[in-house]
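Hi there,

Here is the structure I promised to pass along. Have a look at it when you get a moment, and my notes follow below.

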Amino acid sequence: MSPQSRTCAVEVSGLVKRYGSKVAVDGLDLTLDTGSVLALLGPNGAGKTSTVEICEGFRTADEGTVRVLGLDPRTQGDRLRPRVGVMPQGGGGYPGVRADELLSLIATCSANPLDPAWLLDVLGLTSAVRTPYKRLSGGQQQRLSLACALVGRPELVFLDEPTAGMDPQARRLVWELISALRSDGVSVLLTTHLIDEAEQLADHVVIVDSGRVVAQGSPRELTADEPDDQQLRFRTRPGLDTTLLVAALPEGLDVREPTQGSYLVEGRIDPQVVSTVTSWCAQQGVLAEELMVAKRSLEDVFLELTGRELRS
Ligand SMILES: Nc1ncnc2c1ncn2[C@@H]1O[C@H](COP(=O)(O)OP(=O)(O)OP(=O)(O)O)[C@@H](O)[C@H]1O
């Protein structure tokens, strides 16, 4: 898409959100292109939900500007609501309401809703339609919440941790649905702390930590899928002196032991490098276990940028 024809579903600039002395969002910028999927990826407490809830109009920003479908969510919410779907974190249904009742109620608020029965079927909830909300499993509540976000045929959906608490099968189903939304031209802004979710779904990933953007780009850009930017990983006895290995490897390759017994060789990995590493291990009298060559993951990118693991 040329820059001229690019349109934005969400534009956030210089966003700041404070709770008392706590700065939850600290000058955050992001842009969601129309018809694409943006993943806001970060650890617990990074400021993802605060950002999304400001975009949804549920919270007020302390500083910065937010435009959603060209409108201000705080003052023009009435015009936005019919066009936007929201899946909040943690469900939010009334304890006694049945799945079909809740979805039908929300459908009546829309001018041209999807068929609730069809949507419940797509989301694998047909057997639970008459179950009260409080008796649904966490994963079923999540899927019902997603159905509520989608039943009004929104142009834009906000999904806050959409697959939290789901089993792998349900997670796969939701991923397929999000991909289908994208194919239909719906814009999606989702939050997640799951690397694979961001990698699988997102056109654009914004990595946040402590309320700030630490990196952003497509998953491919962020992991720099270049031949010179690979890793050879293996596990063996902790604390080996890698000086001789570094000397035996071609210039430009780096060897580290980031966690005990887990070794990383970084740079251009070719067959000769693999051979040198296994020979060195043999000289040390150790076996290189779980040896693999891979590109950098988003997890590695996060670790490099923040010095912490994403799940911490
Ligand atoms: N209503 C509130 N009052 C006070 N502090 C809050 C409030 N809401 C969030 N915070 C704090 O602001 C910071 C950012 O929280 P936020 O929920 O936006 O992050 P998050 O990235 O969505 O985290 P999670 O993945 O756990 O949902 C956290 O330190 C949190 O404790």
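**Helix 11 and its surroundings**

Three residues of helix 11, which runs over residues 298-306, are buried: Leu298, Val301 and Phe302. Viewed down the axis of helix 11, these buried residues fall within an arc of 95 degrees, so they line one face of the helix. Please keep in mind that this is a predicted model.

What covers that buried face? Among the elements covering the buried residues of helix 11 are three strands, namely strand 3 (37-41), strand 8 (204-209) and strand 9 (212-217). Helix 7 (195-201) and helix 8 (219-223) also belong to the cover. Just after helix 11 comes glycine 307, and its phi is positive, near 75 degrees.

**The chain as a whole**

Stepping back, the chain holds 11 helices and 13 strands. It has 312 residues, of which 35% count as buried. The C-alpha trace spans about 70 × 45 × 40 Å along its principal axes. If you take the contacts between residues at least 6 apart in sequence, 70% of them join residues at least 24 apart.

**Domains**

How is the chain divided? Domain 1 covers 8-217 and domain 2 covers 230-295. Between the C-alpha centres of domain 1 and domain 2 there are 42 Å.

When you open the model, you could begin with Leu298, Val301 and Phe302, the buried residues of helix 11, and then turn to the two domains.

Best wishes

Key. Residues are numbered from 1 along each chain as its sequence is written. This is a predicted model: local features need pLDDT of at least 70, side-chain atom pairs count only at pLDDT 80 or more; totals for chains, interfaces and linings use all residues. Helices (H or I, at least four residues) and strands (E, at least two) are DSSP runs, numbered from the N terminus. A residue is buried if 20 or more other C-beta atoms lie within 10 Å of its own, exposed if 12 or fewer, and partly exposed in between; C-beta atoms are placed from the backbone. Two residues are in contact if their C-beta atoms, placed from the backbone, lie within 7 Å. The arc is that of the directions from the helix axis to the C-beta atoms. Domain bounds come from an automatic or database domain assignment.
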